[in-house]
Amino acid sequence: PARPPVTTVPAPATPAVPPAPTTIAIPPEPPPPDDLQPPGEGEEIEAPVKIWSRCDKEGALGRTAEGEAVRCLRGRHGDLRWRLE
């Protein structure tokens, strides 16, 4: 008996799919320490000031001659004084 001829059918080509991009979550950088943050809008830094000396505006920022950040805060007796942040 005669065999039927064999025909070869090529397999369908699979399209090359590029790998999906990998997303990596990078956490934001932490804010700088308080003494390095710039003053907010409308805030001015007074320098140099002496710690515990009187100040005029509550919440005002200042720096000592040594560069330490200070803020004008109300003390125990109600008077405003320069205190370390």
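Arg-71 stands opposite Arg-83 in β4, and that arginine pair is where I'd like to start today. Strand β4 covers residues 80-84 and runs antiparallel to β3, with 5 bridges joining the two. When I say strand, I mean a DSSP run of E of at least two residues, numbered from the N terminus, and two strands pair if DSSP finds at least two bridges between them.

Before going on, a word on what you're looking at: this is a predicted model, where local features need pLDDT of at least 70, side-chain atom pairs count only at pLDDT 80 or more, and totals for chains, interfaces and linings use all residues. Residues are numbered from 1 along each chain as its sequence is written, and side-chain values use heavy atoms, leaving out hydrogens and water.

How far should we trust it? The pLDDT, which is the predictor's confidence in each residue from 0 to 100, averages 78 over the chain, and 68% of the residues score at least 70. Confidence is highest in β4, at a mean of 95, and lowest in β1, at 75.

Back to the strands. One residue along, Cys-72 stands opposite Trp-82 in β4. Between β3 and β4 there is a hairpin with 5 residues in between, and Gly-78 in that turn has a positive phi of about 90 degrees. On the other side, β2 and β3 also form a hairpin with 5 residues between them, and here Gly-67 in the turn has a positive phi of about 90 degrees. These two strands pair in the antiparallel sense over 3 bridges, with Leu-61 opposite Arg-71.

What is the order of the strands in the sheet? The sheet is open, with 4 strands in the order β1-β2-β3-β4 and mixed pairing. Its edge strands are β1 and β4, each pairing on one side only. The parallel pair is β1 with β2, over 2 bridges, where Ile-45 stands opposite Leu-61.

Now for the chemistry some of you were waiting for. Cys-55 and Cys-72 form a disulfide, with their sulfur atoms 1.9 Å apart; the rule here is a pair of cysteine sulfur atoms within 2.5 Å, and by it the count comes to 1 disulfide. What does this bond tie together? Cys-55 lies in the loop between β1 (45-46) and β2 (61-63), while Cys-72 is in strand β3 (residues 69-74), so the pair links parts that are 17 residues apart in sequence. The torsion about the S-S bond is about 90 degrees, so this disulfide is right-handed.

Are the two cysteines buried or exposed? Buried means under 20% relative accessible area, exposed over 50%, and partly exposed in between, using a 1.4 Å probe and protein chains only. Cys-55 counts as buried because its relative accessibility is 10%, and Cys-72 counts as buried at 0%.

Last stop: Thr-64, in the loop between β2 and β3. At 6% relative accessibility, Thr-64 is buried too. Leaving aside neighbours within four places in sequence, Thr-64 is in contact (heavy atoms within 4.5 Å) with Pro-48, Val-49, Ile-51 and Val-70. That's my tour, thanks for listening!
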